[in-house]
Amino acid sequence: PTLLNRFDVIFMLRDMPDRSKDDAIATHVLSEHQKPKSQGSIDPELFRKYIAYSKQKVSPELTDEAIKEIKNFYVSLRNAPTTSDSLVKPIPITARQLSALVRLSEASAKTRLSVKVERTDAERAINILKYYLMQAGFDQETQSFDIDKIVTGVTASKRGKILEVKES
């Protein structure tokens, strides 16, 4: 919920049984409980300091190139043609996802401790947004993004068909 509220991204988790992967996961989890003092590749205290420093000292600002990249993506996706014959046209993304792109871009710059949000940060944010939209908000029928699928669970094309049936 925290990531969703902050960045407006949704990732679908699929837990498909696979004997070799399940065995590797079980081995890892059980070995961690056997020796609980093991540590990752970054010292936890150093990582906490890095996060605290980033929060307190780094407030990145969008560069013109980043703004152009985000704006071009947003406008072109919002105005992309759809193959839907329905009266209800799908809305690929909203201004909420535009704000999410800005926050994701800023977060990318913060991880680099940069005071500027560069074009590469914007591209990274766009790729994350595209990935989650393909997982959670893609309408196979119209072959387009549809934010309604994420928000309401019903695509615009399906809602249009329901309205057609109700009206006839």
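The solvent-exposed surface of the protein amounts to about 12,000 Å², and 57% of this area is supplied by carbon and sulfur atoms. The model is a predicted one, and the values reported here were computed from it. Of the 168 residues of the protein, 29% count as buried.

The secondary structure consists of 8 helices and 4 strands. Along the sequence, these elements follow the order α-α-α-β-α-α-β-α-β-β-α-α. When contacts between residues at least 6 apart in sequence are considered, 64% of them join residues at least 24 apart.

The largest nonpolar core comprises 16 residues. Within this core, the residues that touch the most other members are Phe73, Leu77, Ile93, Leu101, Leu129 and Leu133. Two or more residues are contributed to the core by each of helix H4 (64-78), helix H5 (95-111) and helix H6 (119-136). Helix H6 provides the largest share, with 6 residues.

Two of these helices, H4 and H5, pack against each other with their axes 11 Å apart and at an angle of about 155°. Because angles over 145 degrees count as roughly antiparallel, H4 is roughly antiparallel to H5. The crossing of the two helices is right-handed. On the H4 side, the contact is made by Ile70, Phe73 and Tyr74; on the H5 side, Ala95, Leu98, Leu101, Val102 and Ser105 take part. Phe73 of H4 and Leu101 of H5 thus appear both in this helix contact and among the core residues that touch the most other members.

A further site examined was Ser54, which is located in helix H3 (residues 44-57). The relative accessible area of Ser54 is 8%. Since a residue is classed as buried when this value is under 20%, Ser54 is buried. With residues up to four places away in sequence not counted, Ser54 touches Lys110 and Leu113. The first of these partners, Lys110, is separated from Ser54 by 56 residues in sequence, while the C-alpha atoms of Ser54 and Lys110 are 6.2 Å apart in space. Lys110 falls within the range of helix H5 (95-111), and Ser54 within that of helix H3 (residues 44-57).

Notes. Residues are numbered from 1 along each chain as its sequence is written. This is a predicted model: local features need pLDDT of at least 70, side-chain atom pairs count only at pLDDT 80 or more; totals for chains, interfaces and linings use all residues. Side-chain values use heavy atoms; hydrogens and water are left out. A nonpolar core is a set of buried Ala, Val, Leu, Ile, Met, Phe, Trp, Tyr and Cys residues joined through side-chain atoms within 4.5 Å. Buried means under 20% relative accessible area, exposed over 50%, partly exposed in between (1.4 Å probe, protein chains only). Contact means heavy atoms within 4.5 Å. Accessible areas come from the Shrake-Rupley method with a 1.4 Å probe; for residues, only the protein chains shown count as cover. Axes are lines fitted to C-alpha atoms, for helices over the stretch in contact, and angles run from 0 to 180 degrees between N-to-C directions. Angles under 35 degrees count as roughly parallel, over 145 as roughly antiparallel, 65 to 115 as roughly perpendicular and the rest as oblique. A crossing is left-handed if the near helix is turned anticlockwise from the far one by less than a right angle, and right-handed if clockwise.
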